[in-house]
Every structure is written in C-alpha cells, then in structure tokens.
Amino acid sequence: MKGKVIVMGIFLLICFIVFEMALMISSFTRFSEKKQWLVARCVFRAGELAVFLFAMLLPNVTFDFKYQLCFVLLIIRLAGAFVMYLIRRRTATGKRSKAGAVFGAVGSIVILAVSLVPVFIFTEYAGLETSGAYEVAQATAILIDKDRVETFETDGSNREIPVHFYYPKTNEIAQSSCPVVLFSHGAFGYYQSNTSTYMELASNGYVVISLDHPYHSFFTKDTDGKTITVDPAFLQEVMYVNENNVPEKDIHDLSHQWLAIRTADIDCVLDSVEESKLSGTVNDAWFIENEEEKSTIESVLAMADVEKIGLMGHSLGGAASVSVGRSRDGVDAVIDLDGTMLGEQLGFEDGEYQYEEEPYPVPLFALDSESHYEQGQKYGTLYVNQYVLEHALDAKHEYIQGAAHMNFTDLPLFAPPLAAALGTGTADATECIETVNAMVLEYMNCYLMGSGK
C-alpha cells in the first residue's frame with residue numbers, strides 16, 4: 001500500500017511540474033503579454049486542481065491528511081491567481097519578464113513538492129487486527145490540574161493534561177470489570193504512538209488511558225483549542241543529553257526535571273479517574289466538549305476497575321511509569337518499553353550513581369531493543385535498569401532481536417522514513433509491534449486479570 005501512495009505522490013508531482021513548466025514556456029511565446037499571462041495562470045492552476053481532484057477519485061486512494069495540505073495550497077493558489085486577474089486585468093501592460101516566469105515556476109514547483117511531503121512519509125496504515133472479542137471505542141477530555149501552574153507558560157495558568165480513552169464498546173460490560181492501563185509516550189511523542197497496543201488491550205476488556213504530556217509531546221491541544229507543540233528548550237535538552245561525553249550530573253539533573261513533570265501528570269490523571277469513579281461523575285477539573293461526551297466518559301469510568309491499575313510507557317514514558325509504580329500505592333503492574341529507568345537513580349557523586357536501595361515493589365516487565373539489552377549485559381548493575389531488575393521483588397526482562405527504539409511504537413507502520421530517522425532495526429516492523437502487543441497483553445492479563453502466566 002505504501003508503494004501505491006508513493007506512486008500517486010510521484011504522479012501528482014510530475015503533473016504539477018508539467019503544468020508549471022508549460023506555463024513558464026508559454027509566457028515566453030503565446031502568453032507573453034501580462035494580461036494574457038494572468039488569464040493563463042488561472043487556467044493552468046485550475047488544471048492542477050482538476051488533476052488533483054481526479055486523482056482523489058481513483059480506486060484505492062483515500063483523501064486524508066496526507067493530501068490535505070496540497071489540496072489547501074491548490075485552492076489558495078487558484079483563488080490568488082483569480083483575485084490578481086480581477087485586480088490587474090485593466091492595468092496590466094507590457095510583457096511578462098522571462099526571469100520572473102522562471103523564478104515563478106521554480107518557486108511553485110518547490111512549494112507544491114513540499115505540500116506533497118506527507119504523501120512520501122506516511123502510509124495508508126489503518127491499524128492492526130485485534131485479538132479480543134470487543135469492538136473498541138474512543139473518548140477524549142482534558143484534565144486541569146488546579147494544584148499546578150504551567151511552568152512552560154508565564155500567564156499563571158494551570159497545567160492541562162489531555163487524556164484519551166480506549167475502551168470496549170458494549171453495554172454488556174459490567175461495572176468495575178475492566179482493569180485500567182495508563183500509557184505515557186516518549187520524548188516528543190504523541191498519544192497515538194502505540195494505538196495498536198491500546199486497541200489490543202481494549203478489545204480484551206481493558207480501559208486504556210493514553211495521555212499527552214504538553215510541551216513534551218510532538219503536539220497537542222489545550223482547552224482553548226490552541227495547538228501546543230514541543231517546547232524548543234526541552235527538545236534541545238534531550239538532544240544535548242544524547243550527545244557523547246555529556247557530564248553524568250547534567251543527565252541526572254535534566255532527566256529528573258522531565259520526570260517530575262511527567263510523574264505529576266500521571267498522578268493527576270489517576271487521582272482524577274479514581275475520584276470520579278468514586279463520585280460517579282466528572283467534576284470541573286474535566287474539560288469535556290459537550291454533554292454527550294461527558295456522559296460517555298462517565299460510562300467509561302463506571303466500567304473501569306480502579307482497584308486494578310497497570311502503568312506502561314515508551315522510552316521516557318516508560319521511565320515515568322516506573323517512577324510512579326514505586327511512589328504510588330495501588331499500582332499492580334508496570335511495563336517499560338525500551339526506556340531507561342532514570343527515576344531509580346537518586347544522585348551522581350564521586351563518579352558513581354546512587355540507586356534506590358529498596359527493591360522495586362511492583363511487578364515490573366522491561367521489554368527492550370537488542371542494543372538496550374546488550375548494554376545491560378555489558379555493564380551489569382552499573383547500568384540502572386540491570387540493577388533495578390536484579391533487585392526487584394518480581395521482574396521480567398526480554399528483548400526483541402533486531403528491534404531498535406522506534407520498533408516499540410506504531411511509527412514504523414505509519415511513517416517509515418520518519419521512524420527510520422529516529423531509529424528502527426532489522427526486525428520486521430509489523431511482526432515486532434505485534435510481538436510487543438502480545439507480550440503486553442499476556443503480562444497485564446496475568447497481573448490485572450489473574451489469568452495465564
């Protein structure tokens with residue numbers, strides 16, 4: 001399917017190049033007069049839009065976000081050309097500059113090519129098949145933490161945490177029968193990073209809550225509908241920490257600042273869910289768009305069993321989940337997907353890390369990439385993950401051969417070039433995430449539903 005998408009992108013790009021080159025050449029000869037060129041530009045840009053619309057009507061082509069930027073640009077370009085014709089048709093005199101025609105064609109081709117970038121990056125990925133008996137539904141809200149001021153803003157506003165529910169869509173689910181699993185995404189990740197995992201769990205009777213960490217996530221929205229993108233300073237800090245020869249104290253200090261934000265987000269969400277479950281309604285800390293969505297979320301909370309809670313996350317989200325698993329009562333299982341358990345490091349002095357001495361108290365499953373696993377084998381308990389796993393009361397550790405960091409998300413299925421740039425291995429992307437999902441389900445089933453090993 002990805003090949004067909006790329007072919008369509010190439011087809012559109014070639015058509016746009018042909019139109020722009022034809023307009024440029026014709027402006028040297030047939031439409032050299034400015035007035036004639038204004039008309040020709042309208043015609044050629046209408047032709048580009050017509051070709052695009054024709055392509056969207058072809059079989060196996062889905063008009064989705066990958067094509068929307070190009071579509072909007074084509075509309076704007078046609079409207080702009082028409083407006084310019086109306087304004088200048090009586091005053092335009094002389095001939096069209098050849099240099100202007102060339103620069104105009106080159107600029108148009110570049111802009112149109114950029115608008116098609118999503119077509120070359122993203123696939124037609126529509127999710128994976130689930131193994132459970134339940135159809136999955138979704139609901140969204142934003143939680144306002146009235147005990148915290150948003151440190152990424154200067155207006156004194158409270159911290160806002162978008163939450164996204166994935167749950168069994170059925171009236172046959174009894175109240176308090178679905179264990180709760182909360183997911184935390186990685187650095188500059190997104191709440192949908194592991195949608196196939198959420199869907200697999202929800203189809204098997206779980207209520208999954210995937211949250212966004214604003215200013216740590218790639219983008220999200222606040223209660224005003226404003227798009228919040230990743231904070232540039234946070235982005236620079238993460239890039240700095242991943243450089244070679246960075247002082248260990250800098251890594252410790254920065255990572256604990258990040259974890260403080262994320263663990264507070266997770267605690268806020270769990271506190272709000274438990275409080276609303278107990279009261280049977282959502283309070284004013286929940287920002288929900290309409291009454292229908294409010295009713296839906298209240299019904300989801302009714303089916304949630306807040307006495308059975310699992311935490312999991314990818315990368316920095318995995319580290320945050322591990323930290324909350326230690327500090328919070330009532331957590332029954334934690335899964336860390338290829339994350340370094342940074343919160344278990346208490347400090348760095350005299351060239352050594354100090355670790356939590358108390359054994360990790362909650363069942364813990366670390367599922368790693370091959371390189372991450374080998375790192376633990378090489379350094380032993382000098383590496384924090386290895387220390388925690390060897391001293392935990394109940395810990396399991398596995399790795400997937402040929403897997404790299406992004407193979408533990410859906411990104412390689414959704415945007416292969418972007419995932420490759422961030423780190424994918426030799427393992428088949430689909431097989432890898434299916435393996436991850438199966439192991440996550442088996443582990444949660446054991447500790448939250450009491451079934452299996």
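# Talking through helix 6 and its surroundings

Tutor: Let's start with helix 6, where the buried residues are Ser196, Thr197, Tyr198, Glu200, Leu201, Ala202 and Ser203. Keep in mind that this is a predicted model.

Student: What makes helix 6 "mostly covered"?

Tutor: The helix runs over residues 195-203, and seven of its nine residues are buried. Buried here means under 20% relative accessible area.

Student: Which elements do the buried residues of helix 6 pack against?

Tutor: They pack against strand 1 (136-149), strand 2 (158-168), strand 3 (178-184), strand 4 (207-211) and strand 8 (304-314), plus helix 15 (429-448). Right after helix 6 comes glycine 205, with a positive phi of about 100°.

Student: Strand 4 holds serine 210. Why is serine 210 called buried or exposed?

Tutor: Buried, because its relative accessibility is 0% and the cut-off is under 20%.

Student: What does the side chain of serine 210 reach?

Tutor: The backbone oxygen of tyrosine 191, at 2.7 Å. A polar contact needs N or O atoms within 3.5 Å, so 2.7 Å fits that distance limit. Leaving aside neighbours within four places in sequence, serine 210 also has contacts that include Pro162, Val163, His164, Phe183 and Tyr198. That last one, Tyr198, is also among the buried residues of helix 6.

Student: Where does tyrosine 215 sit, and what is its phi?

Tutor: Tyrosine 215 is in the loop between strand 4 and strand 5. Its phi is near 75°, a positive value in a residue other than glycine. Most residues other than glycine have a negative phi. Tyrosine 215 counts as buried, since its relative accessibility is 10% and the limit is under 20%.

Student: Which other residue has a positive phi without being glycine?

Tutor: Aspartate 338, with phi near 55°. It sits in the loop between strand 9 (331-337) and strand 10 (345-349). Aspartate 338 has a relative accessible area of 5%, so it goes down as buried too.

Student: How many disulfides does a search of the whole structure find?

Tutor: Zero. Take cysteine 178: where is the closest cysteine sulfur? It belongs to cysteine 446, 18 Å away. A disulfide needs the two sulfurs within 2.5 Å, so that pair is too far apart for a bond.

Student: How do you know whether cysteine 178 and cysteine 432 are buried or exposed?

Tutor: Cysteine 178 has a relative accessible area of 1%, and cysteine 432 is at 2% relative accessibility. The limit for buried is under 20%, so cysteine 178 is buried, and cysteine 432 is as well.

Student: What about glycine 317, buried or exposed?

Tutor: Glycine 317, found in helix 10 (residues 316-327), is at 0% relative accessibility and therefore counts as buried. Leaving aside neighbours within four places in sequence, glycine 317 is in contact with Ser184, His185, Gly186 and Arg262.

Student: And leucine 278, buried or exposed?

Tutor: Exposed: leucine 278 is at 77% relative accessibility, and the exposed label needs over 50%. Leucine 278 lies in helix 8 (residues 248-279). Its C-alpha is 9.1 Å from that of alanine 302, which is 24 residues away in sequence.

Student: On to the holes. How many cavities of 30 Å³ or more are there?

Tutor: One cavity comes out of the count, and the largest cavity has a volume of about 40 Å³. What makes it a cavity is that a 1.4 Å probe fits but cannot get out.

Student: What lines the largest cavity?

Tutor: The lining includes Arg326, Glu344, Glu356, Pro359, Tyr387 and His391. Helix 12 (residues 384-391) gives the most, with three residues. By type, the lining divides into four nonpolar, one polar and five charged.

Student: How does the second largest pocket look by volume and lining?

Tutor: It has a volume of about 370 Å³. Of the 18 residues that line it, the closest to its centre are Thr140, Ile142, His164, Lys221 and Glu289. Strand 1, strand 2 and strand 5 (219-221) each supply at least two residues of that lining. The split is eight nonpolar, five polar and five charged. His164 is a contact of serine 210 as well.

Technical notes
Residues numbered from 1 in each chain as written. Predicted model: local features only at pLDDT ≥ 70, side-chain atom pairs only at ≥ 80, totals over all residues. Heavy atoms only, no water. Buried < 20%, exposed > 50% of the residue type's maximum accessible area, 1.4 Å probe, protein only. Helix = DSSP H or I, 4+ residues; strand = E, 2+ residues; numbered from the N terminus. Contact = heavy atoms within 4.5 Å. 1 Å grid on protein atoms, 1.4 Å probe; cavity = no way out; pocket = protein on both sides within 12 Å on 5 of 7 lines; lining within 4 Å. Points joined across faces, edges and corners; volume = space filled by probe spheres on them. Nonpolar A, V, L, I, M, F, W, Y, C, P; charged D, E, K, R; others polar. Polar contact = N/O pair within 3.5 Å; in protein donor to acceptor, adjacent residues only side chain to side chain.
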